[in-house]
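Biologist: Before I use the words attached to this model, I would like to hear the reasoning behind them. Can we go through them one at a time?

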Amino acid sequence: MGVVIIDGSTVRDFVSDEAQFKKSVDERFAAFDLNNDGVLSRGELRKAFESMRLLESHFGIDVATTPDQLTQLYDSIFEKFDCDRNGTVDVEEFRAEMKKIMLAIADGLGSCPIQMALEDGDESLLKKAADLEASKSNSKASS
């Protein structure tokens with residue numbers, strides 16, 4: 001397990017690095033596209049968000065949410081991602097929504113640094129942002 005420190009500028013810099021951001025988001029998309037058809041179905045996007053456990057817990061404490069409430073919540077997330085309303089989420093739609101989410105996180109963090117504990121093998125976008133920041137710091141230190 002490792003610990004990284006990030007703030008809003010770390011996340012914003014990651015999103016601004018278009019090549020790195022696109023690569024990272026596209027990798028997440030590919031991992032979520034379980035049947036490899038190039039789009040995310042409602043079920044695939046739900047599985048992706050369930051795996052992140054963002055919605056069922058609050059500060060590490062499980063929150064009781066009824067199955068109907070969860071379905072409504074996941075349906076509303078899917079509708080947000082499915083911009084063209086064709087019933088699937090393509091990589092461009094996914095990338096655009098993930099950019100909005102990451103920028104909202106950056107706004108929420110502002111200039112206040114936070115520590116994040118990361119499990120081995122963590123491939124989250126916040127981890128990628130921290131890695132990008134660390135690589136910039138390392139290249140400055142070796143210059």
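What follows is a conversation about why certain labels apply in this predicted model.

Biologist: How do you know that the length of helix 5 agrees with its number of residues?

Modeller: Helix 5 runs over residues 91-109, which is 19 residues. At 1.5 Å a residue these should span 27 Å, and the end C-alpha atoms are 26 Å apart, so the two values agree.

Biologist: What makes Asp90 a cap for helix 5?

Modeller: A side-chain oxygen of Asp90 lies 3.1 Å from the backbone nitrogen of Glu92, at the N-terminal end of the helix. A polar contact needs N or O atoms within 3.5 Å, and 3.1 Å meets that. After helix 5 comes Gly110, with a positive phi near 55°.

Biologist: Which residues of helix 5 are buried?

Modeller: They are Val91, Glu93, Phe94, Arg95, Glu97, Met98, Met102, Ala106 and Leu109.

Biologist: Why is the pair of Phe32 and Phe94 called edge-to-face?

Modeller: The search of the whole structure gives five aromatic pairs. In the pair of Phe32 and Phe94, the ring centres are 6.0 Å apart and the planes make an angle of 80°. Ring centres must lie within 6.5 Å to pair, and planes over 60 degrees apart count as edge-to-face, so both conditions are met. Phe32 belongs to helix 2 and Phe94 to helix 5, 62 residues apart, which links distant parts of the chain. Both Phe32 and Phe94 are buried.

Biologist: What makes Phe49 and Phe81 an edge-to-face pair?

Modeller: Their centres are 5.9 Å apart, with 70° between the planes. With cut-offs of 6.5 Å for pairing and 60 degrees for edge-to-face, the pair therefore qualifies. Phe49 is in helix 3 and Phe81 in helix 4, 32 residues apart. Phe29, Phe32, Phe49, Phe81 and Phe94 form one aromatic cluster.

Biologist: Why are Phe49 and Phe81 called buried?

Modeller: Buried means under 20% relative accessible area. Phe49 has 9%, so it is buried. Phe81 has 2%, so the word applies to Phe81 too.

Biologist: How do you know that Arg12 and Asp107 form a salt bridge?

Modeller: Side chains of opposite charge can pair when their charged atoms come close. The limit is 4 Å between a side-chain nitrogen and a carboxyl oxygen, and the closest N and O atoms of Arg12 and Asp107 are 2.3 Å apart. Arg12 lies in helix 1 and Asp107 in helix 5, 95 residues apart. This is one of nine salt bridges in the structure.

Biologist: Why is Asp107 called exposed, but Arg12 partly exposed?

Modeller: Exposed means over 50%, and partly exposed lies between 20% and that value. Asp107 has a relative accessible area of 54%, so it is exposed. Arg12 has 33%, so it is partly exposed.

Biologist: What makes Lys23 and Glu27 a salt bridge, and where do they lie?

Modeller: The closest N and O atoms of Lys23 and Glu27 are 2.8 Å apart, against the limit of 4 Å. Both residues lie in helix 2, four residues apart, about one turn of the helix. Lys23 is partly exposed at 47%, and Glu27 is partly exposed at 34%.

Biologist: Which parts does the salt bridge of Glu79 and Arg42 tie together?

Modeller: Their side chains meet at 3.0 Å, N to O. Glu79 lies in helix 4 and Arg42 in helix 3, so the pair ties together parts that are 37 residues apart in sequence. Another set of salt bridges shares partners and joins Lys22, Asp26 and Arg95 into one network.

Biologist: How do you know that Asp33 has no salt bridge?

Modeller: The nearest side chain of opposite charge is Arg95, 12 Å away, and the limit is 4 Å, so no salt bridge is counted. Asp33 is buried all the same. This residue sits in the loop between helix 2 and strand 2. The side chain of Asp33 does reach the backbone nitrogen of Asp37, at 3.2 Å.

Biologist: Why is Val15 called buried?

Modeller: Val15, in helix 1, has a relative accessible area of 6%, which is under 20%, so it is buried. Among the residues that Val15 touches are Phe21 and Leu103.

Notes. Residues numbered from 1 in each chain as written. Heavy atoms only, no water. Helix = DSSP H or I, 4+ residues; strand = E, 2+ residues; numbered from the N terminus. Expected span 1.5 Å × (residues − 1). Buried < 20%, exposed > 50% of the residue type's maximum accessible area, 1.4 Å probe, protein only. Polar contact = N/O pair within 3.5 Å; in protein donor to acceptor, adjacent residues only side chain to side chain. Phe/Tyr/Trp six-rings, centres within 6.5 Å; stacked < 30°, edge-to-face > 60°. Lys, Arg positive; Asp, Glu negative; His and termini not counted. Contact = heavy atoms within 4.5 Å. Lists of a residue's contacts leave out its neighbours within four places in sequence.
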